[in-house]
Amino acid sequence: MKKLGFGLMRLPQTDPNKASAVDVEQVKKMVDLFIEKGFTYFDTALMYNGFASEAVAKEALVDRYPRESFTLATKLHAGFFNSFEDRDKVFEGQLKKTGVTFFDYYLLHGIEEGMYEKYEQYDCFNWMLQKKADGLIKHAGFSFHDKPELLDEILTKYPQMEFVQLQLNYLDWESEWIQARKCYEVATKHGKPVIVMEPVKGGTLANVPPEVEKMFKDYDPNLSVPSWAIRFAASLDNVMVVLSGMSNLEQMQDNLSYMEDFKPLTEEELAMTRKAADMINSQIAIPCTACHYCTEGCPMHIAIPEYFSLYNEDMRDDLEHKGWTINFTNYDTLTKTFGKASECIGCGQCEAVCPQHLPIIENLVLVKEHFEH
């Protein structure tokens with residue numbers, strides 16, 4: 001299998017204010033070019049593009065190509081079932097919506113600590129393995145958004161899982177929150193190939209600071225800025241496929257130009273991605289060093305450094321053009337254990353001990369306004 005997958009998550013739209021208004025004719029052209037160049041992996045999910053993605057997959061792909069000519073992946077999300085019977089209703093609805101009789105890859109969607117409890121409550125891992133035994137799924141796995149320790153726990157408990165889908169890019173590689181490298185290493189230790197999601201971090205690594213763009217263009221003016229991010233992910237030995245949520249034919253053409261005959265990054269190029277990550281990370285909204293001095297005596301038990309980290313990532317991500325990010329989920333996950341930013345009582349003990357002399361109380365207001373609106 002070639003290492004580029006078509007992520008059917010950010011499809012071209014006829015109405016930018018309506019996610020489900022997909023430009024199906026353009027998607028057909030993109031599918032045709034993708035398959036013509038020898039690529040086969042398509043990734044969808046129940047809620048993508050305002051719940052339209054699976055139906056678009058049927059119209060643009062399944063109804064137009066022989067079943068053996070492509071591989072199709074979709075997912076079960078914890079937000080759409082509340083009983084054992086619901087799991088089957090969702091699955092049967094997905095078969096009908098996509099028009100296939102089986103899925104090549106099927107995933108439990110977006111596992112983090114809270115969702116994992118629900119997947120366990122309804123025995124979803126074994127349910128998925130039974131679907132595989134019944135011939136309705138060829139390969140069973142899950143996508144993951146949490147700590148490497150939890151990933152290790154899941155893969156130890158369920159060694160039958162065949163792959164893991166991880167958020168992985170050169171910006172998140174050493175991130176203390178995403179911990180992409182550590183999660184990748186856990187999957188590799190367990191012998192599970194990795195499917196990469198968010199290689200361009202939702203567009204962040206396509207719209208880098210000017211100095212980063214200049215560095216890349218000075219090295220090779222023929223390579224696009226996002227190509228560096230996708231090639232970084234694809235260069236990892238244990239990566240099976242890199243998903244790209246292509247939104248127009250031009251993005252598709254660009255990705256195919258360097259992935260059709262893919263060449264891994266050289267050591268010099270890898271060093272440039274590390275430098276780019278440092279340059280991007282230097283442009284942060286709240287210069288917190290995560291020393292945690294502020295949290296020791298917080299009467300409301302607020303995860304101040306963690307909240308600042310999530311806020312910084314979103315501010316760097318140019319939200320004006322992106323909207324929702326995974327950090328909204330990450331914030332909600334943290335608030336199950338820690339106090340919310342809005343619960344700050346302004347006692348000031350944190351500011352008294354902060355070695356960076358940050359206006360922590362003011363910054364928590366920014367976090368509240370961003371994540372709790």
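Is Gln-179 buried or exposed? In this predicted model, Gln-179 is buried, with a relative accessible area of 12%, a value under the 20% cut-off for that class. The residue lies in the loop between β6 (163–167) and α8 (180–189). Its phi is positive, near 55°, although Gln-179 is not a glycine. A positive phi in a residue other than glycine also occurs at Asn-49, where the angle is about 45°. Asn-49 belongs to helix α2, which covers residues 48–51, and is buried at a relative accessible area of 7%.

Helix α1 runs over residues 24–36. Its 13 residues should span 18 Å at 1.5 Å a residue, and the C-alpha atoms at its ends are 18 Å apart, so the expected and modelled lengths agree. The buried residues of α1 are Val-24, Gln-26, Val-27, Lys-28, Met-30, Val-31, Leu-33, Phe-34 and Ile-35. These residues pack against β1 (4–7), β2 (41–43), α3 and α11 (249–259). After α1 comes Gly-38, with a positive phi near 95°.

Helix α11, one of the elements against which the buried residues of α1 pack, contains Asn-255. Asn-255 is buried, and its relative accessible area is 4%. When residues up to four places away in sequence are not counted, Asn-255 touches Leu-4, Ile-230, Ser-244 and Met-246.

Helix α4 comprises the 15 residues 84–98. The span expected at 1.5 Å a residue is 21 Å, and the distance between the end C-alpha atoms is 22 Å, which agrees. Buried positions in α4 are Asp-86, Arg-87, Val-90, Phe-91, Gln-94, Leu-95 and Thr-98. An α-helix has 3.6 residues a turn, so residues three or four places apart point the same way. The cover over the buried residues of α4 includes the helices α3 (53–62) and α6 (124–133), together with the strands β3 (71–77), β4 (103–111) and β5 (137–144). Gly-99 follows α4 and has a positive phi, near 80°.

Two residues of helix α15 were examined. Asn-327 is found in this helix, which covers residues 326–335, and is buried with a relative accessible area of 2%. The side chain of Asn-327 makes a polar contact with the side chain of Asn-330, at 3.0 Å. Beyond its neighbours within four places in sequence, Asn-327 is in contact with Trp-177, Leu-310, Glu-313, Asp-314 and Phe-371. Thr-329 is also in α15, but counts as partly exposed because its relative accessibility is 24%, and the buried class ends at 20%. The C-alpha atom of Thr-329 is separated by 9.3 Å from that of Glu-112, and the two residues are 217 residues apart along the chain.

The second largest pocket holds about 830 Å³ of space. It is lined by 31 residues, of which Glu-174, Ser-175, Glu-176, Trp-177 and Asn-281 are the closest to its centre. Trp-177 is also among the contacts of Asn-327. Two or more lining residues are given by each of α12 (267–281) and α13 (304–316). Helix α13 supplies the largest share of the lining, with seven residues. By residue class, the lining divides into 14 nonpolar, eight polar and nine charged residues.

Note on methods
Residues numbered from 1 in each chain as written. Predicted model: local features only at pLDDT ≥ 70, side-chain atom pairs only at ≥ 80, totals over all residues. Heavy atoms only, no water. Helix = DSSP H or I, 4+ residues; strand = E, 2+ residues; numbered from the N terminus. Expected span 1.5 Å × (residues − 1). Buried < 20%, exposed > 50% of the residue type's maximum accessible area, 1.4 Å probe, protein only. Contact = heavy atoms within 4.5 Å. Polar contact = N/O pair within 3.5 Å; in protein donor to acceptor, adjacent residues only side chain to side chain. 1 Å grid on protein atoms, 1.4 Å probe; cavity = no way out; pocket = protein on both sides within 12 Å on 5 of 7 lines; lining within 4 Å. Points joined across faces, edges and corners; volume = space filled by probe spheres on them. Nonpolar A, V, L, I, M, F, W, Y, C, P; charged D, E, K, R; others polar.
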